[in-house]
Structure formats: structure tokens, C-alpha cells
Amino acid sequence: MKIHYQDKILEVQKEVTIQELLKEEIEKSEYPVIGAIFNHEYVNLGYSVKKDGTIKLIDIASKEGTKIYRRTIIYILGKAMEEVYPGKKIMVNYQLPNAMFCEIENTEITEELVQNLNDKMHEIAQKDLPIKQVIMSRNEAEEFYQKNDVSKGRLQLDLCNNQEIYMYYCEDYYNYCYGTIANRTGVTKVFEIIKYEDGFLVRYPSSDKPEQLPKLIQTKKLAWALDEYDDIHKILNVNTVYKLNMAVEEEQIKDIIMLDEALHEKKIANIADKIAKDRNVKMILIAGPSSSGKTTFAQRLGIQLRINRIKPVTISVDNYFVERKDTPRDENGNYDFECIEAIDLELFNEHLTKLLNGEEVEMPQFDFHEGSKKYNGKKLKLEPDQVLVIEGIHCLNDKLTSKIDKDQKYKIYISALTVLNMDRYNRISTTDTRLVRRIVRDHQFRGYDAKHTIGTWNMVNNGEEKNIFPYQEEANSIFNTSLIYELGVLKGVVMPLLEEIKQEEPEYAEAQRLINMLKYFETIPADYVPTNSLLKEFLGGGNFRY
């Protein structure tokens with residue numbers, strides 16, 4: 001076999017694992033290597049190379065490395081739980097900054113319990129135990145599940161065309177992960193378990209500082225928003241993919257959709273009511289990461305504001321870019337349109353101040369072709385019953401509106417904060433939900449294929465991590481735009497787009513990872529989605545303008 005690694009071609013005479021083949025390179029790596037990409041597919045270091053191909057190593061200082069690290073820690077948590085508290089059932093509920101929030105069914109979380117789990121997990125990691133992937137046929141798996149009476153990884157059997165069922169074994173502990181995990185426990189050296197609210201946090205490093213735990217960031221507003229949706233969907237009994245699929249099969253999904261959409265409308269109405277009660281508010285600022293549904297949210301909020309006798313007037317921050325020659329550049333010398341310094345802050349604040357003082361302002365329109373602001377005689381003056389509505393990535397950052405009094409501003413953070421799990425141990429990433437939304441929207445309305453969207457996604461994420469996420473706790477309200485049923489609907493559109501990506505293309509690995517997640521969802525017809533739904537921003541055919 002001929003194996004390409006960086007600028008080398010390795011001649012291989014027999015089947016060999018990546019760990020054995022690149023032993024020297026792995027040991028010399030600046031950061032611990034936790035996985036690999038072989039022929040544009042994610043694999044762990046125990047993967048056996050049986051044919052020609054290309055290998056790229058993944059270390060813990062990369063975003064994919066962080067995901068593998070996180071999945072491996074959760075796997076170790078499951079093993080520790082069975083050893084220390086056998087019979088207890090963990091639920092990995094949702095993600096907070098560099099942490100996963102977990103609960104234990106019918107169990108009070110004490111400091112002693114958390115410390116015992118933490119100690120056992122570190123013991124397992126220090127032993128550097130092998131984690132082996134075992135592949136069973138359907139018949140073997142059915143016999144296995146009958147004999148052991150467990151549900152871990154059982155969702156694989158529900159997929160009728162799944163002929164191979166996977167399990168990860170570490171000593172006598174087994175579980176399934178819907179994604180690659182490390183082949184040894186020792187690579188996850190840095191983590192901690194701490195008590196948090198009525199559960200506990202599994203904390204881990206970020207990719208930019210992969211060998212140290214970051215400072216614990218208190219995100220009580222974000223946690224409350226996630227907890228609220230999680231509790232509601234537990235009550236509705238649709239907090240896992242299995243239960244969602246059962247609702248489809250039992251023809252209960254239309255009820256779930258109506259309840260989910262009603263929850264959105266109620267939350268939007270509540271936000272509008274809060275704004276209406278505060279007579280000082282003259283400006284509503286909306287921010288959220290890509291594909292959160294900001295446009296639909298803003299229009300639906302506008303309807304609820306009008307019910308409260310408040311008329312929203314929208315201003316676009318995009319018309320206040322600095323002149324092209326003054327635009328900051330990033331580390332690669334490219335124009336950085338996402339940094340806050342790309343906005344003409346002085347002019348923006350001058351106009352905001354005049355508008356709030358009842359003065360008339362001539363509004364600029366930015367010419368992106370020429371890179372300059374133009375004035376076409378468009379003037380604006382606020383009436384007593386009007387409020388400004390501004391949407392943009394910097395809206396939670398007070399630097400954007402520094403000249404405006406705090407009590408005149410109402411900040412709203414929105415995001416698709418997914419609370420759906422594959423099963424007890426495997427949750428669906430909020431980022432993955434937004435990526436699926438964006439692939440669908442880019443295809444429907446922007447003429448981009450899935451390859452382009454996946455290829456630019458890391459750059460989009462980097463901007464969000466710098467400009468949006470650090471300010472989310474500054475919001476007066478957090479609105480969760482996720483819909484528990486949405487991936488079942490989006491699957492019908494996005495799967496063919498992902499399948500178009502060829503194996504020789506670098507984006508293939510991410511495409512396959514998404515396919516391997518989405519294939520477990522029962523398809524939900526798009527015509528079940530109401531025309532005022534936020535999901536229509538991505539599917540099309542809704543009531544609102546985009």
C-alpha cells in the first residue's frame with residue numbers, strides 16, 4: 001500500500017493501525033494526537049489501514065480534536081459511573097462554554113458523589129486503557145441486547161438497513177458514540193467534574209489552550225434558557241431521537257409541532273410584553289450566531305410589539321461600515337468585516353443619539369461594490385410610539401452603542417440551543433443544528449452547495465466565538481430558536497446535498513459525520529411546518545420577507 005502523510009509517501013506491506021504506522025510522528029507532535037482523517041473520513045488511531053490513502057493527524061489543539069476529546073471524556077464518565085454507582089442512569093443534557101451539564105436520574109447530586117466520580121474518571125484516564133471498537137452483525141447485536149437488557153447504542157438497530165452495529169469496549173465496559181472517540185483513555189488528561197445547580201458539569205479545555213482548564217464562566221442566563229426547554233421537552237416525552245421517531249411513527253408529530261411552535265410564540269410575546277412595560281426602552285438590539293433565525297425572530301417580535309402599541313423601526317448596521325480604505329485587516333492581510341472596528345462607531349452613535357432625541361437624520365446606504373457610504377435623501381425621524389430595532393453580530397457589545405444610556409437599550413440573544421439527544425450519552429450539538437440550517441438556506445437562496453458551506457463554516461465559527469458568545473450573558477432576554485422536530489424536516493433537503501460531496505474532497509469527513517447523525521431521524525414532511533414558523537427562513541415558503 002502507498003500511504004500519503006504530509007509530504008511523505010509511505011510504502012506499507014501489510015495491514016497496520018495508524019498508531020503503529022505513524023508512531024514517531026505521533027510522539028513528536030506538539031500537542032497530543034487524539035484521532036486522524038483517513039481518505040477524508042474521521043477515524044481513531046486504532047483504525048487499521050488496509051488500502052492506499054491519505055492520513056491527516058488530529059491533535060487536541062484543533063476543533064475536531066476538541067470534539068473527540070469531549071466524546072471520550074463522556075465515554076469515561078459512563079465507565080466511571082458504572083464502577084462507582086452501578087445501576088444509576090446519567091443524562092448528558094446540554095453544552096455550556098467548555099462544559100457539559102449532566103444529571104443522574106432520581107438521584108440527589110452531592111459534593112461527595114461528584115468527587116467520587118471525578119476521582120474514578122482520573123484513575124481511568126491515568127491507567128491509559130485501550131478503547132476498542134467492536135463490530136457486530138445485526139443478528140449478533142440482537143442477541144447481545146437480549147442477553148444484556150441494555151439500551152446503549154440500540155438506536156443503531158432501529159435503522160433497518162444498518163447491517164453493522166458498533167460498540168466501544170474498555171475492559172468490560174461498553175457504550176456507543178455517534179462520532180469518533182480516542183483509542184486510549186490516557187489522552188484525556190485535563191478535565192474536572194464539579195457540582196452545578198441540580199446536576200454537575202464535566203469541564204474540559206478549549207482548542208486554543210488544550211492543556212489547561214479555562215476559567216469557569218458563569219452563564220446562568222444561557223443555562224436557564226437551555227434548562228427550560230429541556231424540561232418542557234422531557235414533559236412532552238420527546239427529548240431523544242428515539243422518542244421523536246416514535247412520535248412520527250405513531251402519527252403524533254403534528255401535535256408536537258403545534259406545541260413547539262406555540263412555545264416559540266409564547267416566548268416571543270413574553271419578550272414583547274417585557275419591553276412594553278419598560279417605558280425607558282427606545283432601542284432593541286438583537287444578536288445571535290449564524291443561522292439562528294434572527295430575521296424571522298425580528299419580524300415575529302415586531303408583530304407582538306405592535307400588539308403592545310409599539311411600532312418597530314429597523315436600522316441596518318451594515319450601512320455604517322467604515323470606508324473600504326479604513327477597514328481593518330486580519331492576520332492574513334484580508335479585510336476583516338466582522339470586527340467591531342469595521343463599523344463607523346462615531347457616526348453610528350451620532351445618528352442613534354439624534355434619533356432618540358427626536359431629531360431627523362439622513363440615513364446612509366453602504367455601496368459594497370465601491371466600499372463607501374452613499375446618501376440618497378432617505379431620512380428618518382422617530383415618532384413617540386416607535387422604537388429602533390437593530391440586528392447584528394455586535395449588538396450585545398456595549399461598544400457598538402456606547403453613547404446610548406443602558407436603560408434605553410433592551411438586548412436579546414438568540415440561538416438554536418438544541419436540547420435533543422441521540423440517547424442518554426450522546427447529545428446533538430447546537431453548532432451542528434445551525435450548520436444543517438445554513439446548508440439548506442445556502443442551497444435554497446444563495447446558490448451555494450454543501451461543500452462551500454462546510455468549507456467556510458470554521459471561519460464563521462471563529463467570528464462568532466470572538467464577537468458574539470463572550471457577550472451572551474449581557475442580554476436582557478435569551479430566546480431559543482431551536483425546534484425539537486426540525487432535523488427530521490431538514491433531513492429531507494440536506495441529505496442529498498451532503499451526499500453530493502465526493503470522498504476525494506476535504507469536506508467529505510464533515511459531510512459523512514452529519515449524514516451518520518441524520519440517518520437516524522425519521523423524515524418529517526416539510527408541509528407539516530406552519531407558514532409562520534422560524535424554520536421557513538431556511539426552507540422557504542413562509543409568511544415573512546427575507
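A polar contact of 2.6 Å joins the side chains of Glu261 and Ser533. The model is predicted. Elsewhere in the structure there are 35 salt bridges and four cavities of 30 Å³ or more. The points below take these features by topic.

**A buried charge**

- Glu261 sits in helix α9, which covers residues 253-277.
- Glu261 is buried but has no salt bridge.
- Arg300 is the nearest side chain of opposite charge to Glu261, 4.0 Å away.
- The side chain of Glu261 does make a polar contact, with the side chain of Ser533.

**Salt bridges within a helix**

- Side chains of opposite charge can pair when their charged atoms come close.
- Glu24 and Lys28 form one such salt bridge, at 2.7 Å from N to O.
- How far apart are Glu24 and Lys28 along helix α2? They are four residues apart, so about one helical turn separates them. Helix α2 runs over residues 23-28.
- Glu24 is partly exposed, with a relative accessible area of 48%.
- Lys28 is exposed, at 63% relative accessibility. It counts as exposed because the cut-off is over 50%.
- Glu64 and Lys67 form another salt bridge, at 3.9 Å from N to O.
- Both Glu64 and Lys67 belong to helix α3, residues 63-84. They are three residues apart, about one turn of the helix.
- Is Glu64 buried or exposed? Glu64 is buried, with a relative accessible area of 10%.
- Its partner Lys67 is partly exposed, at 22% relative accessible area.

**A salt bridge between distant parts of the chain**

- Lys234 pairs with Glu103 in a salt bridge, and their closest N and O atoms are 3.0 Å apart.
- This pair links distant parts of the chain, with the two positions 131 residues apart in numbering.
- Lys234 is in helix α7, residues 220-235. Glu103 is in strand β9, residues 99-104.
- Lys234 is partly exposed, at 29% relative accessibility. Glu103 is buried, at 14%.

**A salt-bridge network**

- Which residues are joined into one network by salt bridges that share partners? They are Lys79, Glu83, Lys120, Glu123, Lys127 and Glu171.

**A side chain that reaches the backbone**

- Gln386 lies in strand β19, residues 386-391.
- The side chain of Gln386 reaches the backbone nitrogen of Glu383, at 2.8 Å.
- Gln386 is buried, with a relative accessible area of 17%. The label applies because buried means under 20%.

**Positive phi angles**

- Most residues other than glycine have a negative phi.
- Asn39 has a positive phi, near 50°. Asn39 is not a glycine.
- Asn39 lies in the loop between β4 (33-38) and β5 (41-43).
- Asn39 is buried, at 17% relative accessibility.
- Asn237 also has a positive phi, near 65°.
- Where is Asn237? Asn237 is in the loop between α7 and α8 (241-249).
- Asn237 is partly exposed, with a relative accessible area of 43%.

**The largest cavity**

- The volume of the largest cavity is about 70 Å³.
- Among the residues that line the largest cavity are Thr418, Val419 and Leu420. Its lining also includes Thr433 and Phe521.
- Ser482, Leu483, Ile484, Glu486 and Leu487 line the largest cavity too.
- What classes of residue make up the lining of the largest cavity? Six are nonpolar, three are polar and one is charged.

**A buried lysine**

- Lys411 is found in strand β20, residues 409-415.
- Lys411 is buried, with a relative accessible area of 5%.
- Lys411 and Phe200 are 211 residues apart in sequence. In space, the distance between Lys411 and Phe200 is 29 Å, C-alpha to C-alpha.

How values were computed:
Residues are numbered from 1 along each chain as its sequence is written. This is a predicted model: local features need pLDDT of at least 70, side-chain atom pairs count only at pLDDT 80 or more; totals for chains, interfaces and linings use all residues. Side-chain values use heavy atoms; hydrogens and water are left out. On a 1 Å grid over the protein atoms alone, a cavity is a set of points where a 1.4 Å probe fits but cannot get out, and a pocket is an open set with protein on both sides within 12 Å along at least five of seven lines; lining residues have an atom within 4 Å of a point. Grid points are joined across faces, edges and corners, and a volume is the space filled by probe spheres set on the points. Ala, Val, Leu, Ile, Met, Phe, Trp, Tyr, Cys and Pro count as nonpolar, Asp, Glu, Lys and Arg as charged, and the others, Gly among them, as polar. Buried means under 20% relative accessible area, exposed over 50%, partly exposed in between (1.4 Å probe, protein chains only). Lys and Arg count as positive and Asp and Glu as negative; His and the chain ends are not counted. A polar contact is a pair of N or O atoms within 3.5 Å; within protein, one must be able to donate a hydrogen and the other to accept it, and residues adjacent in sequence count only if both atoms are side-chain atoms.
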